[in-house]
Amino acid sequence: MQLEWSDKNAQLTALKSVPSQTIFTSLEALSLFVLKIRGQNGEEYECNSIKEWNYVKMESGTDGYVFTFTGPENIPGEENLSVALQIGKNKQSNTNKWYESAITVSWVQCIIPEGLSLVNATLLPLSFREFGTKTQAFYPYSSGIVCEPFTDKKNINIRYPSGFGASMSWFALWDKDGKGVYVAAHDETTTFKDLIFSSDTINKKVDIALRYPSENLGQANSRFAPCKIVLTGFQGDWYDAAVLYRDWVKNEAIWYPRESLTIDGRSDTPQWMKELSVWATGSDKDIEKFQNTFGVPIGFHWYSWHQIPFDNDYPHYFPPKANFEARVAELQKNKNIFVMPYINGRLWDSKDNGTQDSLFTKQALPGVVKQENGRPVLEKYGSKESDGQDVYLGVMCPTAKVWHDKQTEIVLRLAKPSDGNFDNKGNYGVNAVYIDQTAAAPPRECFDKTHGHTLEGGDWWVQAYRNLMNNIHAQLSEGVALTTESNADGYADGFDAFLVWQFQHNGQVPAFAAVYGGAIQLFGRGYDSDGSVLSSKMKLAESFVFGEQIGWISTSILNESEKLEYMKKVVSLRHKFREYFYKGEMSRPPLLLGDNPRLTGTWSFTGNPSIVFTDAVRTGAWRIPGQNKAILMFANSSNETLELKLAVNLQELGFEPSRIIVVRHSSDGSTQNIGAFPNDIHFEPEEVFVLEIQ
């Protein structure tokens with residue numbers, strides 16, 4: 001990192017690799033930070049390290065360089081405003097070599113005089129130029145997206161942690177020669193922040209930034225939220241950058257479930273959940289037929305089991321529909337069917353008794369998230385009251401005791417063993433409970449002082465949910481699983497699985513699975529709005545090689561023979577090799593050389609169809625560390641016969657090429673010992689198979 005400074009300002013002039021001297025950053029000088037400050041009359045100012053300050057001091061020490069900025073000249077009369085940041089080598093204890101060359105940037109000091117308030121702070125906003133041929137970039141939306149930013153314009157602003165936003169907190173750029181740069185927030189806790197990724201195809205540059213809402217906005221003690229930016233060069237692509245983030249997560253992140261991870265996977269996740277390979281939704285009347293068709297254990301995600309309408313009168317789910325308890329018992333008597341009803345983890349209807357406000361104002365309102373003006377935060381999702389009015393639901397603050405108590409009550413009543421009277425008045429004994437929106441929706445700023453958290457920013461939102469989930473887990477019977485919507489890494493230790501139905505985007509790579517494979521199960525995609533059978537097959541193939549539990553699909557697929565037959569292939573092999581996905585971790589997907597046609601499909605997310613392009617043959621790789629075995633996964637979702645060459649780095653998988661056994665496993669259950677590792681692969685139309693290496 002090349003810096004220039006005077007007693008009035010400081011700036012970043014280059015970020016470059018050593019020894020190649022590849023310059024990553026843009027030609028213009030960059031500020032070390034950007035602050036938004038609010039005055040006592042509501043006026044807002046922006047200051048950065050390039051604009052002149054009354055005084056800038058640089059001090060060097062064993063931990064790096066500390067820059068202190070005092071008195072921004074563009075905020076009249078505020079000579080006492082002072083901020084300091086530290087730039088130095090990464091000091092975290094870790095045996096991974098890349099840490100030795102990493103640079104960290106973090107806040108040291110924030111002094112905001114009375115009458116001013118910090119709104120938000122961006123530490124080390126960066127701008128990258130095109131530094132090599134065919135530069136590619138990664139940003140952590142959903143599963144993770146790879147794009148060519150200098151030919152594909154992007155303007156992304158996503159909140160972390162959120163499965164509908166930033167599921168992780170890192171970026172990467174690299175060129176065709178594998179020269180890359182990794183930029184991440186290695187924050188000690190799950191501090192929420194906005195990740196910004198913007199590409200300019202005309203001026204050939206990419207801007208990235210991590211912007212943090214302040215803690216205690218509008219208060220005399222407003223301050224920075226905890227923040228540590230880490231940068232390093234790397235050789236490779238998105239997968240190699242994901243491994244860097246995985247190294248940090250495994251060693252440092254408070255949400256990583258390291259204490260419960262064993263050689264048999266997570267000890268706190270029920271075995272049935274770890275081994276499950278397929279999920280159904282829809283009517284319960286065809287569930288037994290669905291399970292018989294696939295011939296393996298299935299999960300049944302049961303929506304609308306309650307009498308109240310969907311997205312209406314929450315959270316008053318009881319009493320359920322007639323005979324719900326008896327039907328749960330009947331289904332679960334079949335040891336291969338696991339029932340998981342739906343509840344919502346965020347919302348309380350503001351008219352929670354038909355068109356009347358029954359308990360919302362009386363009980364819920366004190367615990368609802370408040371705007372800065374004190375008004376409650378209400379959301380709507382298209383549902384209607386019986387009088388035709390929109391349903392408005394209050395977003396509950398996860399720190400509120402009323403919400404902790406209500407969520408705990410609902411989950412325990414559903415999950416605790418039934419007394420067998422089938423009167424729908426007691427507990428229901430379900431195998432799992434799905435808690436909607438928790439990891440999907442972004443954290444909301446809350447300005448209610450009575451809640452006890454810092455106002456606006458901080459790490460309190462996710463930490464409150466983690467406390468809630470820990471409390472519920474402690475009271476659950478053994479064998480009960482808890483899941484939530486979407487994937488956001490800060491919630492990983494609180495749930496057994498994430499429903500990743502929103503993995504519906506072009507350019508997706510399995511970056512989240514590369515980081516968290518084995519630590520939490522990923523399940524399901526949305527299929528109802530697929531544009532064609534081919535679109536569904538493309539999605540099934542991707543879900544398979546990403547290591548997800550397949551499906552979350554309506555039982556109506558039983559009447560769609562072409563889609564059903566392809567799904568049976570991927571489910572069969574996924575089930576056969578299920579231990580890799582709860583004991584192991586994802587490896588680099590194999591490379592196929594030759595004419596692997598590009599397929600075009602239409603996938604839909606929140607009602608918005610998008611065009612998706614994928615290779616005809618998708619690949620994946622998973623290994624179980626310490627067991628000297630791995631699988632390479634292949635799924636041809638086209639109707640073409642293909643001849644391709646396979647390129648795999650066996651040493652990277654942990655094998656000596658001369659000492660391996662390769663067995664081919666077909667979707668019909670047959671196996672073939674194929675001797676030496678194959679360089680040429682023949683693919684039949686819609687063929688799905690696995691190569692197991694030992």
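Colleague: Let's start with the small sheet, the one with β24 in it. What's the strand order there?

Modeller: The order is β24-β26-β25, an open sheet of 3 strands with antiparallel pairing. Keep in mind that this is a predicted model.

Colleague: And which strands stand at the edges?

Modeller: β24 (347-349) and β25 (378-379). Each has a single partner strand, so one side of each is left without a neighbour in the sheet.

Colleague: How many bridges join β25 to β26?

Modeller: 2 bridges, with the strands running antiparallel. β26 covers residues 393-395, and its L393 stands opposite E379.

Colleague: OK, on to the parallel sheet. How many strands, and in what order?

Modeller: There are 8 strands in an open sheet, ordered β30-β29-β28-β27-β23-β22-β21-β31, and the pairing is parallel. The edge strands are β30 and β31 (550-554), each pairing on one side only. From one strand to the next the twist averages 25 degrees.

Colleague: What packs on that sheet?

Modeller: Helix α6, residues 401-415, packs on the sheet. The helix touches β23 (337-344), β27 (432-436) and β28 (481-485), and its direction makes about 160 degrees with that of β23. With over 145 counting as roughly antiparallel, α6 and β23 fall in that class.

Colleague: Back in the strands, what stands opposite A280?

Modeller: F300 in β22. The pair sits where β21 (residues 278-281) and β22 (residues 298-302) run parallel, with 2 bridges between the strands.

Colleague: Different topic: helices α9 and α10. At what angle do they cross?

Modeller: Roughly 5 degrees, and the axes come within 10 Å. α9 is residues 533-545 and α10 is residues 561-576. The two helices are therefore roughly parallel to each other.

Colleague: Which residues make the contact?

Modeller: From α9 you have V533, S536, K537, L540, A541 and F544. From α10 come E562, K563, Y566, M567, V570, L573 and R574. By class, that contact has 8 nonpolar, 1 polar and 4 charged residues.

Colleague: Now the N-terminal end of the chain. Which strands does β3 run antiparallel to?

Modeller: β9 and β4. β3 is residues 33-38, and 6 bridges join it to β9, residues 117-123. Another 5 bridges join β3 to β4, residues 44-48.

Colleague: What are the partners of R38?

Modeller: In β9, the bridge partner of R38 is S117, and in β4 R38 stands opposite E44.

Colleague: How many residues lie between β3 and β4 in the hairpin?

Modeller: 5 residues, and G42 in the turn has a positive phi of about 90 degrees.

Colleague: Let's talk empty space. How much lies in the largest pocket?

Modeller: About 1400 Å³. The lining has 46 residues, and W238, V509, L591, R598 and D615 are the closest to the centre of the pocket.

Colleague: Which element gives the largest share of that lining?

Modeller: β36, with 5 residues. Elements giving two or more residues include α1 (238-252), α9, β35 (608-615) and β36 (617-624). By class, the lining divides into 23 nonpolar, 12 polar and 11 charged residues.

Colleague: And the second largest pocket, what's its volume?

Modeller: About 410 Å³. Of the 17 residues lining that pocket, M1, L15, K16, S101 and I103 lie nearest its centre. β18 supplies the largest share, 3 residues. The class split is 10 nonpolar, 6 polar and 1 charged.

Colleague: How many cavities does a search of the whole structure find?

Modeller: 2 cavities of 30 Å³ or more. The largest has a volume of about 70 Å³, and the second largest about 50 Å³.

Colleague: What lines the largest cavity?

Modeller: F512, A513, Y516, G517, G518, I520, Q521, L522, F546, G547, F581 and W622. α8 gives the most, with 3 residues. There are 8 nonpolar, 4 polar and no charged residues in that lining.

Colleague: And which residues line the second largest cavity?

Modeller: R266, T269, K274, D496, G518, A519, I520, Q521 and Y582. That lining has 3 nonpolar, 3 polar and 3 charged residues. G518, I520 and Q521 appear in the linings of both cavities.

Conventions
Residues numbered from 1 in each chain as written. Predicted model: local features only at pLDDT ≥ 70, side-chain atom pairs only at ≥ 80, totals over all residues. Heavy atoms only, no water. 1 Å grid on protein atoms, 1.4 Å probe; cavity = no way out; pocket = protein on both sides within 12 Å on 5 of 7 lines; lining within 4 Å. Points joined across faces, edges and corners; volume = space filled by probe spheres on them. Helix = DSSP H or I, 4+ residues; strand = E, 2+ residues; numbered from the N terminus. Nonpolar A, V, L, I, M, F, W, Y, C, P; charged D, E, K, R; others polar. Pairing = 2+ DSSP bridges. Axes fitted to C-alpha atoms, helices over the stretch in contact; angles between N-to-C directions. Contact = heavy atoms within 4.5 Å. Parallel < 35°, antiparallel > 145°, perpendicular 65-115°, else oblique.
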